[in-house]
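Student: Could we go through this structure together, with the reasoning behind each label spelled out?
Tutor: Gladly; have a look at it here.

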Amino acid sequence: MKRIVNPDLMLGDQILDSFVFVSHLLLLDRTSLLTHIAYKYMKSQEEQWLLTEKYQGEKSEAFYADCKALALGTPLGYLIGHVPFLDCTIYLDNQPLIPRVETEFWVEKAIAAIKMGSVMQPSLDSGAAQPPRVLDVCAGSSCIGVAVAKAIPAAKVDFGELSKRLLPTIEKNINENVANPERCRVVHSNLFQQFPIDWKYDYILSNPPYIDPAIDRATESVKSHEPHLALYGGTDGLEVIEQLTASAGTYLTANGQLWIEHEPEQVPGMAKLAEQYGFSCVSHPDQYGVLRYSILVLQ
Ligand SMILES: C[S@@+](CC[C@H](N)C(=O)[O-])C[C@H]1O[C@@H](n2cnc3c(N)ncnc32)[C@H](O)[C@@H]1O
């Protein structure tokens with residue numbers, strides 16, 4: 001009897017056989033080998049980006065030095081010096097936390113909500129739309145506020161950041177991305193401490209430090225290169241989030257919204273804090289289905 005053979009399956013089998021053979025030679029199990037190959041592929045992709053983005057395709061000595069740093073764990077964003085974030089180019093001078101795609105995901109939703117809110121809540125006095133007032137607190141590179149300011153030219157956007165060395169980075173990102181930088185103010189502050197009490201916001205957006213040291217998923221590269229002040233949030237990862245939630249009400253307008261990024265394990269903690277400080281709270285998934293941010297509305 002003649003066997004009908006699917007050539008694609010045959011090829012798949014041959015590849016699998018080769019994996020097993022190479023695994024034996026390298027004394028690795030199949031998963032380790034696949035992980036190793038994926039890692040090598042990712043690194044070669046990163047080298048390619050580095051070459052085109054920073055060196056315009058020229059393999060200079062500096063390029064090879066950067067490849068070495070990349071292989072030793074320096075994040076690609078720091079080597080190139082900037083990353084894309086929504087429609088913006090975010091410069092990473094002085095090495096702030098590198099903006100994450102999970103943050104990009106919810107900031108896009110926040111921008112849509114702010115645009116919609118401006119249409120739905122015209123000024124009571126004149127009937128004209130009020131420019132939305134937005135604060136990016138724990139601003140780091142300033143990717144959140146800069147993306148809002150760029151997407152909503154009428155918005156007034158303020159930035160708060162504790163790390164003094166990042167203030168010029170924030171200014172640079174505003175100037176490089178925002179059409180009217182005079183709509184933005186940058187404040188060196190521990191959360192709201194340096195914010196005048198009469199500065200009010202319709203939206204406060206924050207990606208604070210929230211890693212719980214007891215559930216630390218950060219890779220070695222992140223731990224050894226990105227600022228720990230940006231990563232760790234104290235007990236349960238909720239210490240900065242609690243201080244932020246406790247004070248935000250003072251700076252929000254009626255029905256103002258506080259958007260906070262966090263870990264999925266912190267969802268019950270977020271609900272508790274919201275109730276304690278007079279907010280409603282709904283938690284939402286990111287693009288990977290992980291409950292990654294909560295929207296708290298002042299009641
Ligand atoms: C997780 S990073 C987020 C940076 C940026 N918003 C982003 O999404 O990429 C947190 C930032 O908060 C700053 N930070 C930490 N504690 C702070 C505090 N008490 N007040 C203001 N900023 C703080 C850190 O220096 C860091 O830049």
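**Labels and the values behind them**

Tutor: The protein averages a pLDDT of 90, and 86% of the residues score at least 70; pLDDT is the predictor's confidence in each residue, from 0 to 100. This is a predicted model, in which local features need pLDDT of at least 70 and side-chain atom pairs count only at pLDDT 80 or more, while totals for chains, interfaces and linings use all residues. Residues are numbered from 1 along each chain as its sequence is written.

Student: Where does the pLDDT stay under 50?
Tutor: Residues 1-12 are one such stretch, and there the model has one contact beyond four places in sequence. A contact means that the C-beta atoms of two residues, placed from the backbone, lie within 7 Å. Residues 123-127 also have a pLDDT below 50, with three contacts beyond near neighbours in sequence.

Student: What does the secondary structure of the protein come to?
Tutor: There are 11 helices and nine strands. Both are DSSP runs numbered from the N terminus: helices are H or I with at least four residues, strands are E with at least two.

Student: What makes E1 and E2 a pair of strands?
Tutor: Two strands pair if DSSP finds at least two bridges between them. Four bridges join E1 (residues 82-85) to E2 (residues 88-91), so the criterion is met, and the two run antiparallel. One of the partnerships is Phe 85 with Cys 88 in E2. E1 and E2 form a hairpin with two residues between them, and Leu 86 in the turn has a positive phi of about 50 degrees.

Student: Which order do the strands of the open sheet follow?
Tutor: The seven strands are ordered E5-E4-E3-E6-E7-E9-E8, with mixed pairing. Why are E5 (184-188) and E8 (279-285) called edge strands? Each pairs on one side only. From one strand to the next, the twist averages 15 degrees.

Student: How do you know that E3 and E6 pair?
Tutor: Four bridges join E3 (residues 133-137) to E6 (residues 201-206), and these strands run parallel. Asp 136 stands opposite Leu 205 in E6. Helix H10 (residues 239-251) packs on the sheet, touching E3, E6, E7 (252-261) and E9 (291-298), and its direction makes about 160 degrees with that of E7. Such angles run from 0 to 180 degrees between N-to-C directions, with axes fitted as lines to C-alpha atoms, for helices over the stretch in contact. Helix H11 (residues 267-276) packs on the sheet too, touching E8 and E9, and its direction makes about 160 degrees with that of E8.

Student: Why is Ser 142 called buried?
Tutor: A residue is buried if 20 or more other C-beta atoms lie within 10 Å of its own, exposed if 12 or fewer, and partly exposed in between, with C-beta atoms placed from the backbone. Ser 142 has 31 other C-beta atoms within 10 Å, so it is buried. Ser 142 lies in the loop between E3 and H6, and has a positive phi of about 85 degrees although it is not a glycine.

Student: Asn 255 or Ile 260: why is one exposed and the other buried?
Tutor: Asn 255 has 11 other C-beta atoms within 10 Å, so it is exposed. Ile 260 has 28 C-beta neighbours inside 10 Å and therefore counts as buried. Asn 255 is in strand E7, and so is Ile 260. Phi of Asn 255 is near 60 degrees, a positive value in a residue other than glycine. Leaving aside neighbours within four places in sequence, Ile 260 is in contact with residues including Ser 206, Ile 241 and Tyr 293.

Student: What makes Gln 95 partly exposed?
Tutor: Gln 95 has 17 C-beta neighbours inside 10 Å, so it counts as partly exposed. It lies in the loop between E2 and helix H5 (101-120). Not counting residues up to four places away in sequence, Gln 95 touches Tyr 78 and Pro 227.

Student: How many residues surround the ligand?
Tutor: There are 23, and the closest are Cys 138, Gly 140, Leu 162, Asn 207 and Ala 230. A residue counts as near a molecule or strand if its C-beta atom, placed from the backbone, lies within 6 Å of it. H6 (143-151), E4 (156-161) and H9 (228-231) each supply at least two residues of the shell.
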